[in-house]
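Let's take a walk through this model, starting from its interior and working outwards to a chain contact. The sequence and structure come up next.

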Amino acid sequence: MCQCNCEEPKSNEALELEKVYVKYEGKKGALIPVLQAAQDIYGYLPAEVLKDISARLRIPVSKIYGVVTFYAQFHLNPRGRNIVRVCLGTACHVRGGAKIAEAVTKAIGIKDGETTEDLRYTFESVACLGACGLAPVMMVNDETHGRLTPDKIAALLEKYE
Amino acid sequence: MQLYRGHVLVCGGTGCVSSGSKKIQEVMANELTKQNLDKEIKLVETGCHGFCEMGPIVIVYPEGTFYCQVQVDDIAEIVSEHLLKGRIVQRLLFKAPVTEEQVPSYKDIAFYKKQHRVVLRNCGHIDPEHIQEYIAREGYEGLAKVLTTMTPQQVVDEMKKSGLRGRGGGGFPTGLKWEFASKSPGPKKYIICNADEGDPGAFMDRSVLEGDPHSLLEGMLIGAYAIGADEGYIYVRAEYPLAIKRLKVAIAQAEELGLLGDNIMGTEFSCQLHIKEGAGAFVCGEETALMASIEGSRGMPNPRPPFPAVKGLWEKPSNINNVETYANVPVIFLNGADQFATLGTEKSKGTKVFALTGKLRNTGLAEVPMGIALREIIFEIGGGIMDDKKFKAVQIGGPSGGCIPEQHLDTPVDYDSLIALGAMMGSGGLVVMDETSCMVDVARFFLNFTQKESCGKCTPCREGTKRMLEILQKICDGKGVPEDITTLETLGAVIKNTALCGLGQTAPNPVLATLRYFRHEYEAHINDKKCPAGVCSALLEYKIVADNCKGCGACARVCPAGAITGEKKEPHEIDTSKCIKCGSCIEKCKFNAIVKG
Amino acid sequence: MVIKSFEDLKRLKEEAKALTGIRAGQGVEIIVGMGTCGIAAGAREVMSAILEELNKRELSDVRVTQTGCIGMCEKEVLVDVVRPGEKRITYGNVQPQDVSRIFSSHVINGQIVEDIVVAKLD
């Protein structure tokens with residue numbers, strides 16, 4: 001390896017990712033956990049990172065791209081600081097989940113799958129959060145909110161900076 | 001060892017956490033310290049009690065008092081009245097839905113009384129993050145018995161004798177599955193748990209993972225011993241962060257006690273278990289797709305044979321069951337297969353956990369013996385329909401299942417009777433619908449789900465579900481033609497027979513089942529351009545009943561389209577050409593003066 | 001600790017049961033009068049003494065509950081002891097120093113401490 005220190009200093013993120021590589025080195029089935037960890041570090045999966053993962057895990061970028069686009073969890077574009085997940089599962093559907101989704105759109109001005117320009121919110125619909133007893137529900141980041149009505153939404157979202 | 005005179009159990013399941021139980025624990029701890037009770041009363045965080053509707057739930061022992069919908073402001077009263085002076089706080093007790101009678105104890109609430117908890121035996125009663133509490137309730141004794149007194153073949157035989165069938169949906173006999181994997185040659189085999197509970201409306205696996213993770217680990221270890229596996233994976237949905245956290249704690253604690261890892265309980269048997277977080281794809285609930293996902297590929301199913309028992313994860317023989325199935329296993333070995341088989345019907349033994357949701361008074365998890373009538377589950381445990389509306393159908397088995405109407409509610413529930421009715425057990429989601437649910441809309445909802453989740457590998461599922469969805473959309477929009485019904489039936493039959501995996505093969509079920517029992521609703525949409533339940537907005541018209549309208553103007557103020565006009569204190573009118581059918585006016589009207597139809 | 005045998009597991013279970021025993025609802029019940037009068041007469045101190053005794057003797061199957069005023073205020077602090085299948089014995093004017101003998105003779109050995117009994121109920 002070159003010893004001349006001409007390499008650009010590594011960013012904090014890259015150093016974090018380095019630890020992930022060490023952890024999964026030589027392990028079978030490492031791709032998905034590495035992608036999950038990389039997304040935790042960067043917030044999404046930038047193209048550069050995918051190339052880096054490809055080189056380190058010796059998996060073609062085409063295969064990685066295939067995996068990333070297959071799973072709902074992976075994102076190729078920057079995401080909002082607050083992830084708003086509105087449940088449109090069966091139980092929420094029969095108890096008015098669609099009205100909650102409309103209220104979210106009204107409150108923050110974006111549709112399902114979009115991110116606000118200031119990167120404050122990303123809005124996603126999901127099929128079930130497993131809190132059906134409290135339908136309709138929505139999750140903001142890791143907090144689940146149940147027994148919602150459309151008029152509660154704006155104030156609730158306002159709390160997330 | 002510190003003994004306490006009282007235990008306060010606060011539910012820490014996802015349902016109760018979202019209704020504020022974390023804050024309750026915090027305030028309770030402060031209050032106990034303030035009143036000098038922290039050395040006398042122990043605060044315990046438990047997993048889900050399954051009665052999420054009533055959350056946050058707080059139970060006080062030794063009395064076993066069941067407090068529900070507890071708010072932060074109630075804590076001081078519980079501490080100073082109940083914990084200090086021994087006076088139960090009456091107003092926080094559960095009230096029976098019809099009689100309004102207050103029910104002080106857990107055991108006497110109708111929702112629990114009718115249940116028979118085997119899988120959920122510990123949920124809500126133990127602290128899932130303390131292995132000792134699991135061990136106190138006979139935990140790991142089934143495994144100890146297996147490892148010290150039984151050969152792998154005897155374990156397989158006992159499993160077959162128990163009659164346990166897979167709880168993930170298909171209902172394949174578990175003992176037989178284990179036998180196939182045990183007979184496959186090779187030193188390397190895997191034991192896998194499918195904890196990718198993706199059926200919308202089902203959350204029993206989450207409840208076990210959060211509330212009693214060790215019962216899953218114990219079940220998997222017994223399975224590993226039976227088939228000869230020394231390594232295993234638990235594939236959990238990433239949407240269940242709390243479940244993942246509790247599993248990690250459980251694995252670490254079991255390893256520390258020598259109940260997991262090398263030379264378990266001092267025997268020759270060793271087994272490692274790993275957690276794999278799913279990445280969000282419903283099809284990964286299919287066993288071959290799940291294994292592809294663990295391997296780090298796109299989670300697409302593969303044709304069977306070869307079955308996983310022959311060639312599974314990394315081409316090694318593997319056995320895969322779901323959470324509920326494994327959670328039954330310790331009980332079978334603790335009390336014996338014969339004891340287990342006393343519950344249930346001839347071909348479906350044991351209990352099944354149902355997730356009761358939808359338009360019910362009591363929603364939550366209900367574990368009942370197989371063979372109980374749906375009517376009993378819905379009207380006795382579930383307390384009947386909300387707001388005294390009329391029952392219309394119960395959707396059972398999620399996106400692979402079907403809707404069952406009133407006339408079949410007395411059928412005893414087991415794997416085979418449900419298939420005969422055009423539904424299936426699935427994972428056990430029961431979504432109850434009343435007269436305000438439109439069956440065409442429900443069918444469209446499920447098909448929209450499976451269509452989105454279709455992985456695209458086989459044509460019948462990828463293209464077929466798309467075409468069916470388009471037809472259903474057309475019908476809901478009022479553009480359906482009479483031939484659509486036959487086209488749906490033909491397409492449905494073709495997909496059922498030709499799709500590659502379980503997801504595709506069962507995708508048409510919601511449509512076919514609603515066509516079987518609610519054909520008249522389809523016909524009303526197509527022929528009369530009417531939605532009898534008043535759901536499909538393209539087929540509705542909003543009207544104000546002049547006699548009921550007081551002219552308060554609330555509807556006009558809320559209408560986003562400016563379609564409502566009228567003089568103050570005079571009946572208002574809706575301009576149907578401007579109306580966008582959002583329904584805001586109906587919600588605002590206090591006099592039931594607005595109708596749709 | 002590492003579990004090396006079935007016996008190890010059973011031992012751990014007995015220990016663990018002591019921690020969760022009160023949720024099973026069996027064994028001897030001790031009821032302390034915790035009305036205003038009881039507390040004024042020193043029920044909290046008696047309660048502390050009871051818990052100390054429980055811990056000292058590692059009695060995990062004894063349930064301690066409280067009750068409100070039962071109308072014998074001048075006899076407070078009142079402590080009831082109920083052994084499964086036996087009469088409910090009410091002790092009156094209980095002082096913290098009486099607790100130890102209530103335990104050693106009645107709770108554990110079933111011998112009623114006659115000199116401080118105020119009532120016996122079926």
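The largest nonpolar core of this predicted model holds 256 residues, and Val394(B), Val46(C) and Val79(C) have the most contacts inside it. Helix H10 of chain B, residues 213-227, supplies the largest share of this core, with nine residues. Apart from it lies another core, of twelve residues, which includes Tyr542(B), Cys559(B), Ile564(B) and Ala593(B). As background, nonpolar side chains in soluble globular proteins tend to be buried together.

Let's follow one of those valines into its own chain. What does Val46(C) touch, leaving aside its neighbours within four places in sequence? Its partners are Val32(C), Val77(C), Val79(C), Val94(C), Pro96(C) and Val99(C).

Chain C itself has four helices and five strands, which follow the order α-β-α-α-β-β-β-α-β from the N terminus. Its C-alpha trace spans about 55 × 25 × 25 Å along the principal axes. Of its 122 residues, 35% count as buried. Among contacts in chain C between residues at least 6 apart in sequence, 67% join residues at least 24 apart.

Back in chain B, helix H22 (residues 519-527) offers a nice view of sidedness. Here are its residues by exposure:

| Exposure in H22(B) | Residues |
|---|---|
| Buried | Glu521(B), Tyr522(B), His525(B), Ile526(B) |
| Exposed | Arg519(B), His520(B), Asn527(B) |

Why do the buried residues of H22(B) line one face of the helix? Seen down the helix axis, the buried residues of H22(B) fall within an arc of 130°, so they line one face. An α-helix has 3.6 residues a turn, so residues three or four places apart point the same way. The exposed residues of H22(B) are on the other side. The buried residues pack against four helices of chain B: H17, H18 (459-476), H19 (483-498) and H21 (509-517). Just after H22(B), Lys529(B) adopts a positive phi of about 55°.

Now to the contact between chains A and B. Chain B contributes 41 residues and chain A contributes 32 residues. On the chain B side, the elements giving two or more residues are helix H1 (14-18), helix H12 (287-294), strand E11 (351-358), strand E15 (429-434) and helix H17 (439-453). H1(B) gives the most, with four residues. By class, this side of chain B has 16 nonpolar, 17 polar and eight charged residues.

Chain A, for its part, is divided into domain 1 (12-70) and domain 2 (82-158). Taken over C-alpha atoms, the centres of these two domains of chain A are separated by 30 Å.

Key:
Residues are numbered from 1 along each chain as its sequence is written. Chains are lettered from A and ligands numbered from 1 in the order in which they are written. This is a predicted model: local features need pLDDT of at least 70, side-chain atom pairs count only at pLDDT 80 or more; totals for chains, interfaces and linings use all residues. Two residues are in contact if their C-beta atoms, placed from the backbone, lie within 7 Å. Ala, Val, Leu, Ile, Met, Phe, Trp, Tyr, Cys and Pro count as nonpolar, Asp, Glu, Lys and Arg as charged, and the others, Gly among them, as polar. A nonpolar core is a set of buried Ala, Val, Leu, Ile, Met, Phe, Trp, Tyr and Cys residues joined through C-beta atoms within 7 Å. A residue is buried if 20 or more other C-beta atoms lie within 10 Å of its own, exposed if 12 or fewer, and partly exposed in between; C-beta atoms are placed from the backbone. Domain bounds come from an automatic or database domain assignment. The arc is that of the directions from the helix axis to the C-beta atoms.
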